[in-house]
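Colleague: I would like a close look at a single part of this model. Please take one helix and walk me through it, then set it in its surroundings.

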Amino acid sequence: MQDNSLIQGCKANDRKAQFEFYQKYFAFVSGICLRYLSSAATAREVTNDVFLKLFTKIALFDAARGSMMAWIKTIAVNTCLDKLKLTSFEQFHTELEEKHEAFADAVPEERLTTEDLLLFLQKLPEKQSVIFNLFVVEGYSHDEIAAMLHISSGNSRWYVSDAKQRLKKLITASGYLVK
């Protein structure tokens, strides 16, 4: 089915269309959730929450305002952020490290797989992982992240820098050589 007929079917509560929609976008949504949430079980739970929101708000989708993928991505990211706010944003505290080396110049001697990198990201503290994902993967600016998470843009920069340091240490400790 094409996206337009899938959308129309979902708007009409057609279970077949909803099932096809779910199958078509499941990997995309679950990939986003796995990047933001440290637990696979929580990511599965939030993936289902995202689809519930998608199905209940499908009437709000307007193709003239953007693509289906962008709409789904926005709902998935916001649902992940909401989950993190509920569970642990207030509890997160970390030590400020004095040295901040540039992670961008580090090149592993062996290539990391996507799965390896995802595992390293899941080992970061949740707030760092979320801010790192928003900045590096999603492409949000520090000012946009600050507005979304109610922090300063300086804090956003620090979290990204600290996440890079932690990732570098995790990658090095796992046997990959980092220059």
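Modeller: Let's take helix α8, residues 153–173, in what is a predicted model. The helix has 21 residues. From first C-alpha to last, α8 reaches 30 Å, close to the 30 Å expected at 1.5 Å a residue.

Now its buried side. Early in α8, the buried residues include S156, W158, Y159, V160, S161, D162 and A163. Further along, Q165, L167, K168 and I171 are buried too. An α-helix has 3.6 residues a turn, so residues three or four places apart point the same way.

What do the buried residues of α8 pack against? Their partners are α5 (114–122), α6 (126–137) and α7 (142–149).

One of those partners, α6, deserves a look of its own. It has 12 residues and reaches 15 Å between its end C-alphas, close to the expected 16 Å. Buried in α6 are K127, Q128, S129, V130, I131, F132, N133 and L134.

Both helices are followed by a glycine with positive phi. Just after α6, G139 takes about 85°. Just after α8, G175 takes about 100°.

Step back to the whole chain. Its secondary structure comes to 8 helices and 0 strands. Of its 179 residues, 39% count as buried. Take contacts between residues at least 6 apart in sequence: 70% of them join residues at least 24 apart. The chain exposes about 10300 Å², and carbon and sulfur atoms supply 54% of that area.

Key:
Residues numbered from 1 in each chain as written. Predicted model: local features only at pLDDT ≥ 70, side-chain atom pairs only at ≥ 80, totals over all residues. Heavy atoms only, no water. Helix = DSSP H or I, 4+ residues; strand = E, 2+ residues; numbered from the N terminus. Expected span 1.5 Å × (residues − 1). Buried < 20%, exposed > 50% of the residue type's maximum accessible area, 1.4 Å probe, protein only. Contact = heavy atoms within 4.5 Å. Areas by Shrake-Rupley, 256 points an atom, 1.4 Å probe, with all protein chains shown as cover.
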